[in-house]
Amino acid sequence: LCLQVPELEKATVRIRQPERVRGIIQALREQGVDKLQVISDFDMTLSRFGCNGRRCPTSHNILDTSRVISEDGKKKLKDLLHYYYPIEIDPNRTLEEKRPLMVEWWTKAHELLVQQKIHKGDIAQIVRESEAMLRDGFEEFFDQLHKNNVPLFIFSAGIGDVLEEIIRQANVFYSNVNVVSNYMDFNDDGVLTHFRGPLIHTYNKNNSVLQGTGYFQQLSTRTSIILLGDSMGDLTMADGVPSVENILKIGFLNDKVEERRGKYLDSYDIVLESDETLDVVNGILRYILAE
């Protein structure tokens, strides 16, 4: 397979069942472009986890640390992060334990943001001033999918208004891109009043929050899927697809690599360890989409 997709030889790549992965990639290619769709997480999957030894911000972080948040608000949001993030990534806790705690975290964070009276008009500038970065190779990724009319579904527990702005400022918000995320609602004066439901957190990214959107039903012929994520919660993002024939799950293992490696290798077909690029994804797409 490395002959067809040389990027799989990168040192960051780990695959537990190479034969199985070869079979899936082959099947995706044979099914052809008309059957393909890509389902992806956003924060730390399409966006970078770090740069030059520093953490890059998520769509929540961008807002949490921006000039429109009071010092007191920043401190409270940071305290929430320090309390809940270790729970989110703890390999020894079950999803059943984590889910209610994630709801608690997101709800408290959103309430704090609402108290800050954020203006809709400030969001573009906040994103411009932030250190948000998409992964290296993002242009090729978005361009390839757009050129081949492959739907890209971004399923994010982040803040939709912020992540859309990141994609827009990168000039890759094409017509084939659809986003489901936590969106803000503003009043007539453009001030944030609340977040629209349903609440999407790390561990409910599945069909339960897509009820009524009909997104996957419209794409019922798209039975070949490439799924991109960076957490265990991302593995259920394709659950709403009516009939999956082939699915390739690619996981970015960004943090606590040693202790989480086993779980990721059990769950994802391809695991990319501390890889800040979309090289492997782009290589696979190039091979699948080649005439």
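Contact, in this tour, means heavy atoms within 4.5 Å. The model on display is a predicted one.

**First stop: Val-5**

Select Val-5, which lies in the segment before S1. Is this residue buried or exposed? Val-5 counts as buried, because its relative accessibility is 0%. Next, display its surroundings. With neighbours within four places in sequence set aside, Gly-283, Ile-284 and Tyr-287 are in contact with Val-5. Then add Ile-288 to the selection: 283 residues separate Val-5 from Ile-288 in sequence, yet their C-alpha atoms are 9.7 Å apart in space.

**Second stop: helices H6 and H10**

Please select residues 138-147, helix H6, together with residues 279-289, helix H10. These two helices pack with their axes 10 Å apart and at an angle of about 25°. Angles under 35 degrees count as roughly parallel, and H6 is therefore roughly parallel to H10. The crossing of the pair is left-handed. To see the contact itself, show the side chains on each helix. H6 contributes Glu-140, Phe-141, Gln-144 and Leu-145, while H10 contributes Val-281, Asn-282, Leu-285, Arg-286 and Leu-289.

**Third stop: the sheet**

Turn now to the strands. In what order do the seven strands of the open sheet run? The order is S1-S11-S10-S9-S2-S5-S6, and the pairing is mixed. At the edges, select strand S1 (13-14) and strand S6 (177-182), each of which pairs on one side only. Strands of a sheet pair through backbone hydrogen bonds, either parallel or antiparallel.

For one pair within this sheet, select strand S2 (residues 36-40) and strand S5 (residues 152-159), which pair in the parallel sense over three bridges. Here Ile-39 stands opposite Phe-153 in S5.

Then add helix H9 (residues 257-267), which packs on the sheet. Helix H9 touches S1, strand S10 (246-253) and strand S11 (270-273). The direction of H9 makes about 175° with that of S10.

**Last stop: two cysteines**

Finally, select Cys-51 and Cys-56. How many disulfides does the model contain? The count comes to zero. A disulfide requires a pair of cysteine sulfur atoms within 2.5 Å. For Cys-51, the nearest cysteine sulfur is that of Cys-56, 5.4 Å away, and Cys-51 is in no disulfide. Cys-56 is likewise in no disulfide, its nearest cysteine sulfur being that of Cys-51. Cys-56 counts as buried, because its relative accessibility is 5%.

Key:
Residues numbered from 1 in each chain as written. Predicted model: local features only at pLDDT ≥ 70, side-chain atom pairs only at ≥ 80, totals over all residues. Heavy atoms only, no water. Buried < 20%, exposed > 50% of the residue type's maximum accessible area, 1.4 Å probe, protein only. Pairing = 2+ DSSP bridges. Helix = DSSP H or I, 4+ residues; strand = E, 2+ residues; numbered from the N terminus. Axes fitted to C-alpha atoms, helices over the stretch in contact; angles between N-to-C directions. Parallel < 35°, antiparallel > 145°, perpendicular 65-115°, else oblique. Left-handed = near helix turned anticlockwise from the far one by under 90°.
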